[in-house]
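Visitor: I have a structure to look at and don't know how to read it. Could you walk me through it, one feature at a time?

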Amino acid sequence: MPTSLTLHLVNNTPSHPSLPVYAYITGLSLAPPHQGQRVLLQSDARTLYFPPSPAKILQPLPVDCAIPLGPPGHTTACTVPPIAGGRIWFSRGPRGLTFLLNPGGPRGGAALVEPSVLNPSDPNAQADFSFCEFTLDAAQVFANISYVDFVPRLPIALTLRTRGGAVQHVSGMGVDGLERVVRGLKEQTARDGRPWERLVVEEKGAGGRALRALSPTHGGAVGAGFDGYFEGLVDRCWGVYCPGNGGASMPEKAEGKSSGLKKLFGLGGKHSEGQGGGGGEPVEKRLRINTQTGMGWVEGCVEGQDLVLGGERFCRPTTADILGCNSGPFTTGPSPLRNAIIPRLAAAFQRSCIADVAEHPSPPQTFYRCDPTNHYCRIVHECNLDGKGYAFAYDDVQPDGGEDQSGKVNAGDPYVFIVAAGGEKAYAGNRMP
């Protein structure tokens, strides 16, 4: 296991106006004697702090863990130990972020109360902040940007160069990324009347300026309800894969762009009919899932009220199940087969290609092509310079050999790892800045 890795944190915020930018690094230590304990870097960017369990809840950090990043264009080197579940947080503005400690954390240490975008009483509710995720263990460094919970005003980009010279780069958004997302959400509300625009959280006292945009998974926190939104897609899926329907679906007028997908990827038109037993019977459509494990492909169809794949039964998901990816039929359990199916099935519903494409995972050109779909995810991908970034929990699902959608970098031989915040000088392409 490597003893440490140097992170190069870059302040890529605009020069005008220039506001203080701080970084915070948190995670679970993988190195003895503190293995499993919560760890933070102190403000000198190299000294580790393992907070002890406090006697009371919601206690402030007794040490300074805000790492100043200097003026725009400045790079700060940080030394991090082996860490699991790590986050690199960035904040812009004079206040910085507030982290609190609770008793009863892992391995006898403290539990860390992280900034929340959902609790209006959280001390960070009006802070301009963002984060990316990383793990450094014996096998590799793995990092990704995330929009699973919200789109921040402070974009993040990742660049990783290996000892062999290969470069991986995740672009993130430009300086105007959140503005573009907000515009896209408002335009979608104008089209379908759904509360996409209510996902936008405004900065208080800033004349309506957007601070962040929440994922529809958290729409309830801002009065943006999507109850019943995906149920029409679920009905269509159950109709397509119901024996005796011959792949029947809703009329093409209701499906929008989906009819073209059906012709390309195996449902609808001439591809859904065949000569069965000489009687011209429609061919029964079966859903096929590549588990991308040693268990290979599974297939199935609707049996009674459930979708049955490889012997595993899946009930009809609700909109909340689809958005969250972790409830109802997408609840994981002891079955390795079911746990391999769930991410791929959940992604197919989230991307709205489940009823129009018979084999999954399917390629990106099939995503978000018909309504109802998760327009937050669609807009997020459109607003990233390279189209990458976790917009929902299983956004790393892709066909074998397919291009990554999740916005990750990883390598077993990291040499230079750069994390830039601010969106200035953002670019696409696997090259060094």
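## Reading the model, feature by feature

Guide: Let's start with two strands: strand 9 (residues 100-102) and strand 10 run antiparallel, joined by three bridges. One of the matches puts L100 opposite its bridge partner V113 in strand 10. Strands pair when DSSP finds at least two bridges between them. The elements themselves are DSSP runs numbered from the N terminus: helices are H or I with at least four residues, strands are E with at least two. Keep in mind that this is a predicted model, where local features need pLDDT of at least 70 and side-chain atom pairs count only at pLDDT 80 or more, while totals for chains, interfaces and linings use all residues. Residues are numbered from 1 along each chain as its sequence is written, and side-chain values use heavy atoms, with hydrogens and water left out.

Visitor: In what order do the three strands of that open sheet sit?

Guide: The order is 5-9-10, with antiparallel pairing. Strand 5 (59-60) and strand 10 (111-113) are the edge strands, each pairing on one side only.

Visitor: And which strands are at the edges of the five-stranded open sheet?

Guide: Strand 21 (312-314) and strand 22 (359-360), each with a pairing on one side only. That sheet has mixed pairing and the order 21-20-19-18-22. Within it, strand 18 (residues 287-290) and strand 19 (residues 297-303) are antiparallel over four bridges, and I289 has V298 in strand 19 as its bridge partner. Helix 6 (residues 336-350) packs on this sheet and touches strand 18, strand 19, strand 20 (306-309), strand 21 and strand 22. Its direction makes about 35 degrees with that of strand 21. For such an angle, axes are lines fitted to C-alpha atoms, for helices over the stretch in contact, and the angle between N-to-C directions runs from 0 to 180 degrees.

Visitor: How many aromatic pairs turn up in the whole structure?

Guide: Twelve. Rings of Phe, Tyr and Trp (its six-membered ring) pair when their centres lie within 6.5 Å; planes under 30 degrees apart are stacked, over 60 edge-to-face, and the rest tilted. W89 and F99 are an edge-to-face case, 5.5 Å centre to centre with 85 degrees between the planes. W89 is in strand 8 (residues 83-92) and F99 in the loop between strand 8 and strand 9, so this pair ties together parts ten residues apart in sequence.

Visitor: Are W89 and F99 buried or exposed?

Guide: W89, at 0% relative accessibility, counts as buried, and F99 is buried as well, at 3% relative accessible area. Buried is under 20%, exposed over 50%, partly exposed in between (1.4 Å probe, protein chains only). Another edge-to-face pair is F129 with F150, 5.6 Å centre to centre and 65 degrees between the planes. F129 is in strand 11 (residues 128-136) and F150 in strand 13 (residues 150-152), distant parts of the chain 21 residues apart. Both F129 and F150 are buried. Ring pairs link these four with Y24 and F131 into a cluster.

Visitor: Which residue lies over the face of W297?

Guide: R288 does, at 4.4 Å from the ring centre. Similarly, R351 lies over the face of F367, at 4.1 Å from the ring centre. To count, NZ of Lys or CZ of Arg must be within 6 Å of the ring centre and within 35 degrees of the ring normal.

Visitor: Where is strand 24, and how many of its residues are buried?

Guide: Strand 24 covers residues 414-421, and seven of its eight residues are buried. Strand 1 (residues 5-11) pairs with strand 24 in the parallel sense over five bridges, with V10 opposite A420. Strand 14 (residues 156-162) runs antiparallel to strand 24, joined by seven bridges, and I156 has A421 as its bridge partner.

Visitor: What is the mean pLDDT of the protein?

Guide: It's 92, and 91% of the residues reach 70 or more; pLDDT is the predictor's confidence in each residue, from 0 to 100. Over residues 250-256 the pLDDT is below 50, and this stretch has nine contacts (heavy atoms within 4.5 Å) beyond near neighbours in sequence. Residues 266-280 also have pLDDT below 50, with 25 such contacts in the model. Where pLDDT is low, the predicted coordinates should not be read in detail.
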